[in-house]
Amino acid sequence: MLGDRITVVLKTEHTEKLRNIQVKMIRNSTKSISFSHVLNLVLSEGLKKYKV
């Protein structure tokens, strides 16, 4: 499923944390895991806190 293409600027520390999550997910999967997929998963979990 394709979404909107947007440009965002992330803090380096956040990018590193997201990349670490991506590495862990790739190690536990036989599939490719994109950075966008990881970012969307983290955003989805974060947005649940705001009940959006």
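**Exercise 1. The salt bridge**

Find which side chain meets Lys48 in a salt bridge, and explain how the pair is placed in this predicted model.

*Solution.*
Step 1. The side chain of Lys48 meets that of Glu45, with 3.0 Å from N to O. The cut-off for a salt bridge is 4 Å, so the contact qualifies.
Step 2. Place the pair on the chain. Both residues sit in helix 2, three residues apart, so about one helical turn separates them.
Step 3. Recall the helix geometry. An α-helix has 3.6 residues a turn, so residues three or four places apart point the same way. Side chains of opposite charge can pair when their charged atoms come close.
Step 4. Check exposure. Lys48 has 56% relative accessibility and counts as exposed. Glu45, at 48%, counts as partly exposed. The dividing value is 50%.
Step 5. Search the whole structure. The search finds one salt bridge.

**Exercise 2. Helix 2 and its end**

Compare the span of helix 2 with the expected value, then inspect the residue just after the helix.

*Solution.*
Step 1. Helix 2 covers residues 35-49, which is 15 residues.
Step 2. At 1.5 Å a residue, the expected span is 21 Å.
Step 3. From first C-alpha to last, helix 2 reaches 22 Å, close to the expected value.
Step 4. Move past the helix. Lys51 takes a positive phi of about 50°.

**Exercise 3. The loop and helix 2**

Locate Ser29, classify its exposure, and give its C-alpha separation from Glu45.

*Solution.*
Step 1. Ser29 lies in the loop between helix 1 and helix 2.
Step 2. Its relative accessible area is 29%, so Ser29 is partly exposed. That class runs from 20% to 50%.
Step 3. Ser29 and Glu45 are 16 residues apart along the chain, and their C-alpha atoms are separated by 20 Å.

**Exercise 4. A nonpolar patch**

Name the residues of the nonpolar surface patch and place Val8.

*Solution.*
Step 1. Ile6, Val8 and Leu10 make the patch, with an area of about 280 Å².
Step 2. Val8 belongs to the segment before helix 1, which spans 12-27.
Step 3. Val8 has 47% relative accessibility and therefore counts as partly exposed.

**Exercise 5. The whole protein**

Describe the fold content, extent, surface and charge of the protein.

*Solution.*
Step 1. Count elements: two helices, zero strands.
Step 2. Take the box along the principal axes. The C-alpha atoms fill roughly 30 × 25 × 25 Å.
Step 3. Assess burial. Of 52 residues, 10% count as buried.
Step 4. Take the surface. The accessible area is about 5200 Å², and carbon and sulfur atoms hold 56% of it.
Step 5. Count charges. There are 10 positive and 4 negative side chains, and the centres of the two sets lie 5 Å apart.

Methods:
Residues numbered from 1 in each chain as written. Predicted model: local features only at pLDDT ≥ 70, side-chain atom pairs only at ≥ 80, totals over all residues. Heavy atoms only, no water. Helix = DSSP H or I, 4+ residues; strand = E, 2+ residues; numbered from the N terminus. Expected span 1.5 Å × (residues − 1). Buried < 20%, exposed > 50% of the residue type's maximum accessible area, 1.4 Å probe, protein only. Areas by Shrake-Rupley, 256 points an atom, 1.4 Å probe, with all protein chains shown as cover. Lys, Arg positive; Asp, Glu negative; His and termini not counted. Charge placed at Lys NZ, Arg CZ, Asp CG, Glu CD. Patch = residues over 30% accessible without salt bridge, like charges linked within 9 Å, V, L, I, M, F, W, Y side chains within 5 Å.
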